[in-house]
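Got the structure open in your viewer? Here is a short tour, one selection after another.

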Amino acid sequence: MDLPNCISSEILDSIGEGIYTIDKKFKISFINKAAEEILGVRREKVIGKFCKHVFSSEECLEKCPISKVLDSGENVYDHITKFYHTNGISKNVRVNASLLHNSDNEIVGGVVSFRDLSNEESSVLKSKTMQDFYGIVGQSKPMMELYDLVTEIGSTCATVLIQGESGTGKEMFANAIQASSQRNKMPFIKVNCSVFPPQLLASELFGHVKGAFTDAIQNRKGRFEIADKGTLFLDEVAEMPLSMQLQLLRVLHEGTFERVGESLTRSVDVRVIAATNKDLDTAINDGSFREDLFYRLNVIPMHIPALRERRADIPHLVNFFVKKFSSTYHKEIQEVDDEAMDYLTAYNWPGNVRELENAIEYSFIRTHDDDVISAKKLPANIRQKNGKFFTTGDSKFSERDEILETLKRHHWNKSKAADELRMGRTTLWRKMKAMGIET
């Protein structure tokens, strides 16, 4: 799509606000110099790309300004959202959006103008960039709320219980909590409770005296003693046997313990951060986890969302891992193509961030003599659904399939389907109409 005859690119390049236009397929057809500077992109690199892959706003998945115009028939004015610079820094922007028409009054695309509001952001928001919040990548609303929580509890020594599926980054949040706490210069000791048998776990946590058991050839400090005045991270705490749970409960309650094979009571001052991927309500009900220990650990609860619950972060994570493996494997690969990104954002990621990282590394290894990862280089399970491979490059094919399956799963309840698809009910209705899906 060309710019209207009455508007030249020189005029738009002289404007201080960022401006871009898209065609009817939501592909970028023009972007001015101000937009290039605000976003850190180059015009020749983004023309022809889907706008959602360039701007990576959380609202691209549900509240796209142009979609709002299509739904309501009214232009969007002064809508505040976030765009992201290529270095990962989020920028609050004020957006205006309207449709573009040709001389026959036919819709040929849309135009969006935006103004950078970075100077109005608080210092707290400025610190929460994609890569500088203690190495955690993500700018979606759930992640920002977790960043706030980590910041708020920095001045306390309260016990924290981190729950979330495997691969969501629970240990990274434990690292962030410790690094932002008043104990950040004191010992930070980590124990995975699932890798030790009961007798050895007791020794690891509380230490032992010489002769306490066969291999106890000398006195040994446990992790609690080593972590005194610091922080102890107990990963997979739900795997701890009941006998050990009782001992842990005592340390949390009284700050005292005995080494294995010793009657001398010792005292410690340790902040405990615990993590588990198990459903503790179920574990309590089946008797494998003590309810009183749960309440003692759960002073500050923290739930890390699954990747499928924060899909807006997927493009950021993909870019982060592409840069990481570009350095690791000494390849000049810079990005993934639009079709590959569509697959990556549509996939459900049961293995969460860890699975995404593995998928990008796999694709990296398979990509040769190219600076872009294509969809065909992705792992097979990401390029298929219900055993059938997607063979078309049209992203609407996979989206239609996803919408149909979700509607059927919710017995054609559009509100429930829209919630699962992370879009508004009106947006879902519009997509169904465009794709010929009838109820």
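Start by selecting helix H8, residues 170-179, and show whatever surrounds it. The buried residues of H8 pack against helix H7 (141-152) and against a set of strands: S6 (160-163), S7 (188-192), S8 (231-235), S11 (271-276) and S12 (300-303). Which residues of H8 are the buried ones? Turn on side chains for Lys170, Phe173, Ala174, Ala176, Ile177 and Gln178. As you look down the helix, keep in mind that an α-helix has 3.6 residues a turn, so residues three or four places apart point the same way.

Now zoom out for a moment. What you have on screen is a predicted model, a chain with 19 helices and 16 strands. Of its 439 residues, 47% count as buried. Among contacts with a separation of 6 or more, 62% are between residues 24 or more positions apart. Switch on the surface if you like: the accessible area comes to about 21800 Å², and carbon and sulfur atoms hold 49% of that.

Next, select Glu236, in the loop between S8 and helix H11 (242-254). Is this glutamate buried or exposed? Glu236 counts as buried because its relative accessible area is 15%, under the 20% cut-off. To see what is around Glu236, add Asn192, Cys193, Ser194, Ala275, Thr276 and Asn277, its contacts once neighbours within four places in sequence are left aside. Then draw a C-alpha to C-alpha distance from Glu236 to Val191: 8.7 Å in space, for two residues 45 apart in sequence.

Two backbone oddities come next. Most residues other than glycine have a negative phi. Pick Lys229, in the loop between helix H10 (223-226) and S8: its phi is positive, about 75°. Lys229 is partly exposed, with a relative accessible area of 42%. Then jump to His411, in the loop between helix H17 (395-409) and helix H18 (414-421). His411 also has a positive phi, about 55°, and this residue is exposed, at 70% relative accessible area.

For the last stop, select Glu332, Asp369, Asp370 and Asp371, and colour them by charge. Together these four form a negative surface patch. Where does Asp371 sit? Look in the loop between helix H16 (352-366) and strand S14 (372-373). Asp371 is partly exposed, with a relative accessible area of 33%, so this aspartate passes the patch cut-off of over 30%.

Definitions and conventions:
Residues are numbered from 1 along each chain as its sequence is written. This is a predicted model: local features need pLDDT of at least 70, side-chain atom pairs count only at pLDDT 80 or more; totals for chains, interfaces and linings use all residues. Side-chain values use heavy atoms; hydrogens and water are left out. Patches are made of residues with over 30% relative accessible area and no salt bridge: like charges are joined within 9 Å, nonpolar side chains (Val, Leu, Ile, Met, Phe, Trp, Tyr) within 5 Å. Accessible areas come from the Shrake-Rupley method with a 1.4 Å probe; for residues, only the protein chains shown count as cover. A salt bridge is a side-chain nitrogen of Lys or Arg within 4 Å of a carboxyl oxygen of Asp or Glu. Lys and Arg count as positive and Asp and Glu as negative; His and the chain ends are not counted. The place of a charge is taken as NZ of Lys, CZ of Arg, CG of Asp or CD of Glu. Helices (H or I, at least four residues) and strands (E, at least two) are DSSP runs, numbered from the N terminus. Buried means under 20% relative accessible area, exposed over 50%, partly exposed in between (1.4 Å probe, protein chains only). Contact means heavy atoms within 4.5 Å.
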